[in-house]
Amino acid sequence: MAPAVPLAVLTLVALLAPGLGVALPGCDYPTHLWCSSWEIAVACQAESHCANLSSPAAPPVELTLFYESLCPACRWFLVQQLFTTWLLLPAEVLSITLVPYGNAEVRASPAQCRGCSPWCCQARSDWLFPQERNVSGKWQFLCQHGPEECLGNMIETCLMHEAKNFSSYFPVIFCLESGSSVTKNLEACLQVYAPQLDGDRIAACVQGDAGAALMHHNAQLTQALDPPHQYVPWVVINGKHTEELQEQAQTSLLGLICRLYQ
């Protein structure tokens with residue numbers, strides 16, 4: 001005796017293939033497989049009849065932040081917009097990459113920034129010269145806000161390298177950027193947010209060749225931006241930067257990500 005055919009399969013065949021076994025155009029699968037996966041269901045135009053299948057999740061919105069550790073506008077965006085949005089959204093909705101490097105060195109005195117808007121971290125092209133240089137095989141860096149900022153960039157870069165996991169290191173970076181000192185609070189921030197991380201290993205990275213190599217990689221990522229960045233924070237979403245996206249991210253990043261996630 002022939003094996004019994006499940007009622008659901010018979011119903012599906014009756015609904016979608018009145019000719020019994022005649023596949024729809026573009027569908028190369030037999031009818032009993034049409035509900036075996038979402039991809040096959042789509043190919044056979046059977047999605048509405050495969051109740052037990054759920055549609056695949058949308059890919060996460062990918063956001064890359066190019067920033068400087070001591071830039072006031074960068075710190076504000078990271079603390080007030082990016083970290084808050086990350087906390088509120090499920091992990092599958094938003095993927096974040098942090099690139100602490102920033103502008104090339106600016107030929108301007110600190111006094112020129114006092115009293116101006118937080119976008120003082122903007123860099124005019126006629127003020128710039130290379131921010132990194134190779135001296136006897138070793139990378140050296142100049143930073144818009146001085147050596148302290150280069151150290152802050154290096155600390156955060158080495159922290160990311162050692163932690164690997166975003167959910168481990170992002171709260172620590174939030175702690176550093178929202179605190180009184182980006183460069184002096186690492187131990188305290190680790191104790192609160194990531195006690196499993198080894199501060200000595202991070203320090204060794206900062207002081208050694210590994211940290212310089214990681215910063216050089218950040219420099220390459222920054223220099224490869226298209227269009228080239230004109231200021232920091234510089235926000236790239238799904239591989240794209242526009243002034244409209246930047247403005248929306250600064251105004252309400254949560255709203256922007258929710259609109260883009262489909």
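**Helix packing, disulfides and backbone features of the predicted model**

At 11% relative accessibility, Pro171 falls below the cut-off of 20% and therefore counts as buried. The model described here is predicted, and Pro171 has its place in helix H5 of that model. When the neighbours within four places in sequence are left aside, the contacts of Pro171 are with Phe83, Trp86, Phe166 and Tyr193. A further relation links Pro171 to Leu190, which stands 19 residues apart from Pro171 along the chain, with 9.1 Å separating the two C-alpha atoms.

Pro171 also takes part in the packing of two helices. Helix H5, which spans residues 166–178, packs with helix H6, residues 186–193, at an angle of about 135°, and the axes of the two helices are 9 Å apart. H5 and H6 are therefore oblique to each other, and the crossing that they form is right-handed. On the side of H5 the residues that meet H6 are Pro171, Val172, Phe174, Cys175 and Leu176, whereas H6 contributes Leu186, Cys189, Leu190 and Tyr193. Sorted by class, this contact of H5 with H6 consists of nine nonpolar residues, with no polar and no charged residues.

The cysteines of the model were examined next. A disulfide is a covalent bond between the sulfur atoms of two cysteines. With a cut-off of 2.5 Å between cysteine sulfur atoms, the count comes to four disulfides, three of which are described here: Cys27 with Cys44, Cys35 with Cys50, and Cys158 with Cys205.

In the pair of Cys27 and Cys44, the distance from S to S is 1.8 Å, and the link is right-handed, with 60° about the S-S bond. Distant parts of the chain are linked by this pair, since Cys27 is in the loop between helix H1 (7–16) and helix H2 (38–43), while Cys44 is in the loop between H2 and strand E1 (61–67), 17 residues apart. Both Cys27 and Cys44 are buried.

The disulfide that joins Cys35 to Cys50 has an S to S distance of 2.0 Å. The torsion about the S-S bond of Cys35 and Cys50 is about -80°, and the disulfide is therefore left-handed. Because Cys35 lies in the loop between H1 and H2 and Cys50 in the loop between H2 and E1, the pair ties together parts that are 15 residues apart in sequence. As for accessibility, Cys35 is partly exposed, with a relative accessible area of 31%, whereas Cys50, with a relative accessible area of 5%, is buried.

The sulfur atoms of Cys158 and Cys205 are 2.1 Å apart, and these two residues form a disulfide. The torsion about the S-S bond in this pair of Cys158 and Cys205 is about -75°, so the disulfide is left-handed. Cys158 lies in helix H4 (residues 147–163) and Cys205 in helix H7 (residues 199–207), so the pair ties together parts that are 47 residues apart in sequence. Cys158 and Cys205 are both buried. Cys74, by contrast, is in no disulfide, and the nearest cysteine sulfur, which belongs to Cys71, is 3.1 Å away. This distance exceeds the cut-off of 2.5 Å, and the pair of Cys74 and Cys71 therefore does not count as a disulfide. Cys74 is buried, with a relative accessible area of 1%, while Cys258, at 45% relative accessibility, counts as partly exposed.

The backbone was then considered. Most residues other than glycine have a negative phi, and most peptide bonds are trans. In the loop between helix H8 (209–223) and strand E7 (234–237) lies Pro227, which is joined to Asp226 by a cis peptide bond with omega of about 5°. Pro233 is likewise found in the loop between H8 and E7, and the peptide bond that leads to Pro233 from Val232 is cis, with omega near -5°.

Positive values of phi occur at Lys164 and at Asn238. Lys164, a residue other than glycine, has phi near 70°; this residue is found in the loop between H4 and H5, and Lys164 is exposed, with a relative accessible area of 59%. Asn238, which is not a glycine either, has a phi of about 50° and is found in the loop between E7 and helix H9 (243–260). At 44% relative accessibility, Asn238 counts as partly exposed.

Terms used. Residues are numbered from 1 along each chain as its sequence is written. This is a predicted model: local features need pLDDT of at least 70, side-chain atom pairs count only at pLDDT 80 or more; totals for chains, interfaces and linings use all residues. Side-chain values use heavy atoms; hydrogens and water are left out. Axes are lines fitted to C-alpha atoms, for helices over the stretch in contact, and angles run from 0 to 180 degrees between N-to-C directions. Helices (H or I, at least four residues) and strands (E, at least two) are DSSP runs, numbered from the N terminus. Angles under 35 degrees count as roughly parallel, over 145 as roughly antiparallel, 65 to 115 as roughly perpendicular and the rest as oblique. A crossing is left-handed if the near helix is turned anticlockwise from the far one by less than a right angle, and right-handed if clockwise. Contact means heavy atoms within 4.5 Å. Ala, Val, Leu, Ile, Met, Phe, Trp, Tyr, Cys and Pro count as nonpolar, Asp, Glu, Lys and Arg as charged, and the others, Gly among them, as polar. Buried means under 20% relative accessible area, exposed over 50%, partly exposed in between (1.4 Å probe, protein chains only).
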